[in-house]
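Trainee: May we go through this model together, by question and answer?
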Amino acid sequence: MRPARRYSAGHMRSLVLIGHGSHLNGESASAVYRYAELIRERGLYDEVIEGYWKEDPSLRQVLKTTASTDVTVIPMFISEGYFTETVIPRELGLGHQGPVPPGGVARVLGGRTVRYTLPYGVHPAMTDVIVERAREALPDFSAADTALIVLGHGTTRNENSNRVIYHNAQTLRESGQFAEVHALFLDEDPKVGTWPEVVRAARVVVVPFFASEGWHTLETIPEDMDLSGPVTVFAENPHGPQTVYYAKPVGTHRAVADVILHLAEEASGASTEDGDPDHAHTAAWATVMERARQGLRLGEVLITCQSGVFEIRHALDEGMPGHELQTLVTPEGVRDATRRDEGGHHRPVHTLRNLPRGWRAVLNEADLKRAIHYLYPAVVEETYAHTCHVLRHTPWPTTARRQTGIYAKVQKATPAQVEAVAEDVCGGCLRTRLWAGRKLPHTFFDGVPGGIPCAEACTFLVAEVREEVSGKRGGGHTHNH
C-alpha cells in the first residue's frame, strides 16, 4: 500500500471522518475525534473534519463545512451494513444505495468532488490490527496452545455485517499463528456464550471487532463470557482448564489511523489535480473573521480581538476577570469544555441554549476558526448562504419521507404532533426554523445574536417525533439531552 502523500502547495484536500454519534452518550464520538487528531497531526491533509449521524455537524451539513472542492469521506464503521450502505450515502446526497464497490463511490456535489469509501473495518490491514491486539493481551501467544476468538456484533438487519468477521478469522486461520481461530457473535449464531464448547486450546485470546469501548465491550461481552477482568481462569471447562485473555477493541488501536489514510489514498474517482478552495466557504469565513476582529456576538458566545489575539467566552461571563475563568488555548480544549452542559448532560445539538459558562479561550486566528467550528458546526456556512439567499430549505414532509429503518414511522406524524415536539425541542435552540416556514430577516452577521437559520429538521427532532408517534415521549425534558 502506498503511504498517503503531502499534497502540493496552493491546492487543497479535505478528509471527512463519519461516525455514528449519539443523542445521549457523549463518549460515542470520542474515537472519531481521536483519529481526526492523529491524522491532523501528520499534516497530510489541509483539514480533517468529523461528521455524525446523531450529532453536529450532521451528515446533511458536513460537506458544507469543508474548505476544499476535493473531499474524501471515510465511514468510521467496523463493517459494511445499514449505516454505510443506506443512511450515510442517503444523508450525504450521494445518489447511491447498497453495497459500496471496492474503490468507493465518487460524485460531484455542489462543485465538490466527493469520494465515499468502504468503512475502515473491512480494509485488509485490519487483520494486522487484530494480531496486535492479541499480542497486547498475550505477548507469548503461540500456534501450539493459543486459540483466537474474533468477536463481532452480528445483526439480522444486514447480511454483510458479519462478512468481515468471517473473512478475518479465515485469513488468520490460514496464517498458522494460532492453534484455532473462531468467529463468534453477540447477536447472531454462533453466539459468544458457546465458546467453552467450541474452543479446545488451553489459552484463549478474545479480540472484540468493535469500533470503540462501550456498553458491549465493557458490560455485555464480559457478562456473556463470565469474564472477571483482562485475564480469567476457568478450571472446569468441557475441554479442561482454560485461561481467557480479553483484549481491547480493534477500533481504538493507533494503527487504525494508518488504515484510514490507506483507504483515502486508494479511493477511486480521484481527480488528477488537487482541489481548490471552495469560494462560498472562503467568503463565509472571511466575513466572520472580519466581524470577529471588531467584536462579534455569535450564539451564546462573545468573540473579542486585541492585538491579533482572539478571546471567546460565554456572553453571560462578559466583564468577569480572566483569572476567574478556566483558560483554554486550543480548539480541542474548547470542544471538550463545551460537549456537556452545566448539569453534565451531553450536547449533541450545539445550538441548544445550554452552553456551559466559566471558561474563556485565547486563540490565534487559525485556531479561532476551528474553535468556532467546534462550538457551532456549519452555522457560519449556513448563515452566510442564508444572507446570500442561496440556503435551501427542506420542509418536514421531505425529511420524513427520507427516513428508513426505525425512523420510517415519523412519516405517520400529524402536523400537530410535529409542531408540538418542535415547540418543545426547538424552543430551546438558537436557530430559526426556516423548514417550518419561519422567517429570519436578520442574522448574527447583522449583529442579531440569535440570528441563525435552520434549513432542515435535525436528527434529534426526528428521533423525538418518532417517540411521540410511538407514544413513548414525556414532555418538557429534551433541552438537556
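Trainee: Which residue in strand 13 stands opposite Ile303?
Mentor: This is a predicted model, in which local features need pLDDT of at least 70, side-chain atom pairs count only at pLDDT 80 or more, and totals for chains, interfaces and linings use all residues. Residues are numbered from 1 along each chain as its sequence is written, and side-chain values use heavy atoms, with hydrogens and water left out. Strands (DSSP runs of E, at least two residues; helices are runs of H or I, at least four; both numbered from the N terminus) pair if DSSP finds at least two bridges between them. Opposite Ile303, in strand 13, stands Ile312.

Trainee: How many bridges join strand 12 to strand 13?
Mentor: Strand 12 covers residues 301-306 and strand 13 covers residues 309-314. The two run antiparallel, and the number of bridges joining them is six.

Trainee: In which order do the five strands of the open sheet lie?
Mentor: The pairing in this sheet is mixed. Strand 11 (296-298) and strand 14 (326-328) are the edge strands, each pairing on one side only. The order is 11-12-13-15-14.

Trainee: Are the rings of Tyr33 and Tyr374 stacked or edge-to-face?
Mentor: Rings of Phe, Tyr and Trp (its six-membered ring) pair if their centres lie within 6.5 Å; planes under 30 degrees apart count as stacked, over 60 as edge-to-face and the rest as tilted. The centres of Tyr33 and Tyr374 are 6.4 Å apart and their planes stand at 80 degrees, so the pair is edge-to-face.
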